[in-house]
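Open the structure in your viewer and keep the selection tool at hand. This tour goes stop by stop, saying what to select and what is there.

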Amino acid sequence: MKLINKNINVITMKYPSSWHKVLWREGLVSGNGKIGANVYGGTKRESMLINHSALWTGTECNPLPDISGSLTKTRQAMDNRDFNTANWILTNALTESGYNNERGYPLPLAELNMSFTGFTGFSDYLRAVNMETGEVSSQFREKDVWVKKDLFVSRKDDMILLRIQADKPFLDAVFSLDVPTATDSSDKTYQYVKEHSRTEIDSNIIIYKSLNTNKKPYGAAVKIESADGDIKNIENRINVNCASDILIKIKVFVNGCPDKDKLKFENNSYEYYLNRHIPLHSALYHSAELNLFENNDLSNEELMLKAYSGKSPNELIEKLWRYGRYLFISGSSKDGFPFSMYGLWCGDYKAVWSHNMANENIQMMYWHTNIGNLEELNKALLDYYISRLDSFEECAKKLYGCNGIFIPAGTTPNMPLPCQLVPVIINWTGAAGWLAQHYYKYYSYTGDSEYLHSVVLPFMKAAADFYEDFIVFDKNGHIKIYPSVSPENSPLNFIPKDNVDMAHPMTSAVNSTMDLAIIKELFTNLIELCVEHNIYGNKIKIWENIVNSIPEYSVNKDGAVKEWQYDDFEDRYYHRHLSHIYPVFPGDEITTNDDMVSAFEKAVDLRDISAQTGWSQAHMASIYARFNRGNDAMDCLNNLVRSCMQTNFFTLHNDWRRMDLSLEMDSAAPIQLDASMGYVNAVQEMILYSSKKLIKLLPALSDDMQHGKITGWRFEGGTIDMKWNIPQNEFKAELTASKTFNIIIELPPFCANNMICNSKNIISQNGRTVEVKLTKGDKLILGNSERFTNVQEI
């Protein structure tokens, strides 16, 4: 029996799940992109939550009523400056028509419960996740006997494997497969599932079945094996006695359960399945690497205490980068559903904000994928939305009377139509345009021409078709977007003076900066692709006119870019969303070389810290990295760790402890794993910036990130390996081109003055910037002259 091996690819914890009655929140997790296992880490009693990405509650979609005439009424009210009335016209028209579609929720599938007799206490407790293999482990000593549990979810064989070992035949265990525990036992979904649940035993196999709220059956089957133990079944449980090695194999079924006579488990060992799984998992996990050269093998608790006392050590920064990627890989597959807010590990029956939310959250979970060399896992996101175009076309036509697509911000697999009937959602038209960036970036990074023509261009064209119909031109020839929402903020002059507690009092404005930026980006990218591939030629002049008619961004009295480019709306700084910074991030329109950049910086600096959330701190960190302000980016990440992260590295929406680093929410502190992925992206933004025209090397290192190395990272046109040691004035980068193109490279400030590189690639050099021409297959080597001599000098 091998005990837990501590290294930089292993996170360890000295405590089990401790969140009272909601143990799943602090579990350690494994997954193969479709099946998820959440292990709580008990000794005498242990539980493991089993989930599947395709198991969602919900009912059939009812068609939308045609309320397209409401857009004219909305605009008439806005023209008369009656914005409060205009805000509700579309939403009220829907509700008054009787439309009431509800979204679904991820449904916890089953819970494997284990209890052990003969345990009288424990010592030397440790639990861990080996991110290289996807294994969740726990170990402890029971008197003089070591006990260890190892689990993984196989990417190859699509099942869960759990092994329990002891130094000698010591294990007396009882296993059952049950309905997952509900925090609120009166919950209707829980009651329905419990009422329809059935468990049967066939020799050493437990079969659990129940019905989803859509009447479709689902379940799991568990086979218990032991080489030396005595196995018996008693009622709905299986007992194992006097064992030193127990192997549990778990298969999961959604939308149908097989008869027990058709259920087959192969007679293979834990190592057999693990060896088949590791190459698939490890290829994803090691597709990109980051090393900050600090590893003291500290536990999560110890690392977070250091962060709580002041700042995050580099060991924690690197582990959070690795663990965010681990969560994403474990919760993603290219042919499954998109990564969800809770991954595959939610134990609640009506989890808060568990839908796919496209006004920030789902995008954040995928920002890191391109530079992080996980492009293929984007397909789940892209296929999810392209496969629902018919429904989104229905939304555009019946809500707004427009061609093209309108994507409701919040959707679930069985609910592509609006299911949140509030103005902040119904009146926001930017989801399709924002998501179009992900389609464009996927092609830009992969060069997948077939996917470009079958998926990318059709989606972007559908988003453009909507805007063509929705856009109005004012008397000056500028485009006018209304209603126009800046998620999820309300202008300050529309906040009730009596401090009424309203989340979104009046969100429907004119020309939000985000809407203008999204439209500009969408049409600019679409024109570029269409010219390059000689398609949609009859549309290019129309689209060029739209781009040329977008008004310039204006600045308010504080010197900050305005959130709404319309004088009737005052900026409000107490808010978590940073929607109006879109031209800087996640867009590429405004860089530090732009005259407007200081106005965008000012707008971010004015945001109130106590209004932030876990994910907004991650978002703000990425923005500060775009400003080349590494210390400010790291301050945001430190705030995230100190306020909105648990010791199992799950991130939260807000701090439940009221420490003034996030907004207060008395009802809950929901898990939101978007911040974990946002953390990964922010660290990457600090080390590498990439767009079609510009690469920045080490643009925003914090003062503590003085020594590091990356391998396998991507830029738009190739891969990059890079190593730096600032105290020793040492730098080296190797860029390998996957296509032919010209690019400007901004060199690191600490060594730009003595940089040398392959002479054949240089077009021009000006201070910190070098323009190079790369041909597919070329390798460009950059380094500083003091330590880097194995290249041809200019």
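The bend at a residue is the angle between two axes, one fitted to the seven residues ending there and the other to the seven starting there. Keep this in mind for the first stop, and note that the model is predicted.

**Stop 1: helix H12**

Select residues 449–470, which make up helix H12. The helix has 22 residues and spans 30 Å from its first C-alpha to its last, close to the 32 Å expected at 1.5 Å a residue. Where does H12 bend? Go to Val 456: the bend there is about 35°. A proline, Pro 458, follows within four residues.

Now move to the start of H12 and show the side chain of Asp 448. One of its side-chain oxygens comes to within 3.3 Å of the backbone nitrogen of Glu 450.

Next, select Met 460, which is also in helix H12. Is Met 460 buried or exposed? Met 460 has a relative accessible area of 0%, so it is buried. Add Gly 433 to the selection: its C-alpha atom is 7.7 Å from that of Met 460, although the two residues are 27 apart along the chain.

To finish this stop, show the rings of Tyr 400, Phe 406, Phe 466, Tyr 467 and Phe 470, which ring pairs link into a cluster.

**Stop 2: aromatic pairs**

The structure holds 37 aromatic pairs. For one of them, select Tyr 190 and Tyr 349. Their rings meet edge-to-face, with 5.4 Å between the centres and 70° between the planes. Which parts does this pair tie together? Tyr 190 is in helix H3 (residues 188–195), and Tyr 349 is in the loop between helix H6 (314–330) and strand E18 (356–357), so the pair joins parts that are 159 residues apart in sequence. Tyr 190 is buried, at 12% relative accessible area, and Tyr 349 is buried too, at 4%.

Then select Tyr 536 and Trp 543, another edge-to-face pair, with 6.4 Å from centre to centre and 75° between the planes. Here Trp 543 is buried, with a relative accessible area of 0%, whereas Tyr 536 counts as partly exposed at 23%.

**Stop 3: charges over rings**

Select Lys 350 and Tyr 105: the charged end of Lys 350 sits over the ring of Tyr 105, 5.7 Å from the ring centre. For another example, select Lys 696, which lies over the face of Tyr 689 at 5.6 Å from the ring centre.

**Stop 4: strand E3 and its partners**

Select residues 35–39, which form strand E3. Five of its five residues are buried, so the strand is largely enclosed by the rest of the structure. In a regular strand, side chains alternate between the two faces of the sheet. In E3, Ile 35, Ala 37 and Val 39 point one way, while Gly 36 and Asn 38 point the other way.

Add strand E2, residues 28–31, which pairs with E3 in the antiparallel sense over four bridges. Gly 31 is opposite Gly 36. The two strands form a hairpin with three residues between them, and in the turn Gly 33 has a positive phi of about 95°.

Now add strand E4, residues 45–52. E3 and E4 run antiparallel and are joined by five bridges. What is the bridge partner of Ala 37 in E4? Its partner is Ile 50. This hairpin has five residues between the strands, and Gly 41 takes a positive phi near 90°.

**Stop 5: strand E9 and its partners**

Select residues 160–166 for strand E9, where seven of the seven residues are buried, so this strand too is largely enclosed by the rest of the structure. Ile 160, Leu 162, Ile 164 and Ala 166 point one way, and Leu 161, Arg 163 and Gln 165 the other.

Add strand E8, residues 145–153: E8 and E9 pair in the antiparallel sense over seven bridges. Within this pairing, Asp 150 stands opposite Arg 163. E8 and E9 form a hairpin with six residues between them, and Asp 158 in the turn has a positive phi of about 55°.

Last, add strand E16, residues 245–254, which pairs with E9 over six bridges, also in the antiparallel sense. Gln 165 of E9 stands opposite Asp 245 in E16.

Methods
Residues are numbered from 1 along each chain as its sequence is written. This is a predicted model: local features need pLDDT of at least 70, side-chain atom pairs count only at pLDDT 80 or more; totals for chains, interfaces and linings use all residues. Side-chain values use heavy atoms; hydrogens and water are left out. Rings of Phe, Tyr and Trp (its six-membered ring) pair if their centres lie within 6.5 Å; planes under 30 degrees apart count as stacked, over 60 as edge-to-face and the rest as tilted. Buried means under 20% relative accessible area, exposed over 50%, partly exposed in between (1.4 Å probe, protein chains only). A charge sits over a ring if NZ of Lys or CZ of Arg is within 6 Å of the ring centre and within 35 degrees of the ring normal. The expected span of a helix is 1.5 Å times one less than its number of residues. A polar contact is a pair of N or O atoms within 3.5 Å; within protein, one must be able to donate a hydrogen and the other to accept it, and residues adjacent in sequence count only if both atoms are side-chain atoms. Two strands pair if DSSP finds at least two bridges between them.
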